[in-house]
Amino acid sequence: MKFGEPENQIDYYDRLTAKLKKKLNQTKISKEHFGKIILVEVSFDLRLVDDDRLRKAVRAAATHSRTTLAIVLAKREANPHMRYHYSLSTTFSQTGAAIKPEVVELFERVAKNEAALDPILCSAYQRSWDQAQVHAQQIAKPIPE
Amino acid sequence: MQNLDDLLYRWISRANERREDLDLPVGLIEDSIGVLKRVLGTEYLEQLLIDDVEPVHFLDDELNPIRKWLSSPTVDYSIIQVLEVAQYFKELQDDSSLPDKVQKLKQDSFWPMLFELAMATRVRRASSQKHKITLNAEDASSVGDFLISGDGYSIPCECSRLGHSPHITDPKLLLEDLTHRISEGAKRVAVPLCVKIRSGAALSGNTYNVVLRLIRRSFADARQLQLPVEYVSDSINVRFEVLGEHSEEIGYQNVEGMSWTYLTQTGTLPRVSAGFQRKTQTSYRTDLRPVNGFVTMKVSVSL
């Protein structure tokens, strides 16, 4: 496949800010709630983002919200274990995180589980990621005629 | 008249041929189909798999994913995702709001609902005795899609999706999607294919649509073994040939240390999801740092 060079790159960061602002405005919490958490499934690779721009984009949406506890970005991806997992980027309000550190710990465990837990079997992956890569390459070999 | 149980039995039988390669225990596939049938309902599955007589076209973005997956038991990503959905149903089956989510999933919101269920399940798995995770009913009074309840407080969690429209214009995503489509389409052609796509224009939404149209026409010819075939529109040229010793060599692309070609991918990796071939390294990082009143905790799973 060969295509021409794109003229303009889409600004994911502006789109993300707009999306977050919309969701934050829509989600009205009441007195009984400590705060709200927004989880957004994104289409871009979190490994390739500009961290500084991503932080600014998230902060631009959440900085005026006193009730936002955290914003979680998630990207659904296939992996060598032959499963789908979500890569995650989570931003916590510093104040909220200080008052409820157990919620930060909860989301840390969520993120760590993504690398360790088989989402279908709900148990630890049977192989390391390297072993899974080798296995995936083996079973992907052409079927002998 | 086909029978739903016969169809599902056939799906189970074919999927079980892939069981060992996919690291699945004996009985899981049967159990998962049972859960799916119980939660989604016989009537709904009959409607998808029997009443709907439109051909299942794997190039069709609008096709119901459950129908697509239950029509393709030899495709790994179909098996895996059917089992994944069933697992969420299993883990959330004691939640009184699951039927609301399932109803919405059946109507028009498959992917948003899958994301909600996936996130709620993950938070639930990670929660200790300090927290209880419950789905919220799909009504106007609910705040958020699921709720984290702690000692004397609760936190509504709202789920949303950004940029999974079929009209997205990100060239990388579009390229991956095209590769995937070719990989899938090539499985239905009796001979190995050499596919060449050349475009003077960048891969944008418009280019993608034109390429897709030409690919569909080419596949229609290829299935009839009318090869080689070539279609041209503006600056876009799509050519399908039988892959052989004399086929034009295509340069290797180095992706994160691993060399491979799209030709190799479509020609020799018929069972593997196209997505993960791009990611060959394993890394895991946690980064915790305060920035202007916010703490950013970035945890990415890299492959």
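Which residues on the other side of α4(A) are exposed? Keep that question in mind while we look at this helix in a model that is predicted.

Helix α4 of chain A runs over residues 101-116, so find that stretch before reading on. The helix has 16 residues and reaches 23 Å from its first C-alpha to its last, close to the 22 Å expected at 1.5 Å a residue. Within α4(A), the buried residues are A:V103, A:L106, A:F107, A:V110, A:A111 and A:E114. If you look down the axis of α4(A), these buried residues fall within an arc of 135°, so they line one face of the helix. Now we can return to the opening question: on the other side of α4(A), A:P101 and A:E102 are exposed.

Next, let us turn to a sheet that brings the two chains together. Here 4 strands form an open sheet, and their order is β1(A)-β4(B)-β6(B)-β5(B), with mixed pairing. Which strands stand at the edges? They are β1 (2-4) of chain A and β5 (229-233) of chain B; each has a single partner strand, so one side of each is left without a neighbour in the sheet. From one strand to the next, the twist averages 5°.

A helpful piece of background is that strands of a sheet pair through backbone hydrogen bonds, either parallel or antiparallel. In this model, β1(A) pairs with β4 (residues 193-202) of chain B in the parallel sense, over 2 bridges. To find the spot, look for A:G4, which stands opposite B:A202 in β4(B). Helix α9 (residues 205-223) of chain B packs on the sheet, where it touches β1 of chain A as well as β4, β5 and β6 (236-242) of chain B. The direction of α9 makes about 25° with that of β6(B).

Some details of the backbone in chain B are worth a stop too. In the loop between α9 and β5 of chain B you will find B:P228, and a cis peptide bond joins B:L227 to B:P228, with omega about 0°. A little further along is B:D234, in the loop between β5 and β6 of chain B. B:D234 has a positive phi of about 55° although it is not a glycine. Is B:D234 buried or exposed? B:D234 has 11 other C-beta atoms within 10 Å, and a residue with 12 or fewer counts as exposed, so B:D234 is exposed.

Finally, B:D23 sits in the loop between α1 (4-16) and α2 (28-40) of chain B. Its phi is near 55°, a positive value in a residue other than glycine. B:D23 counts as partly exposed because it has 17 C-beta neighbours inside 10 Å.

Notes:
Residues numbered from 1 in each chain as written. Chains lettered and ligands numbered in written order. Predicted model: local features only at pLDDT ≥ 70, side-chain atom pairs only at ≥ 80, totals over all residues. Pairing = 2+ DSSP bridges. Axes fitted to C-alpha atoms, helices over the stretch in contact; angles between N-to-C directions. Contact = placed C-beta atoms within 7 Å. Buried ≥ 20, exposed ≤ 12 C-beta atoms within 10 Å, placed from the backbone. Expected span 1.5 Å × (residues − 1). Arc of directions from axis to C-beta.
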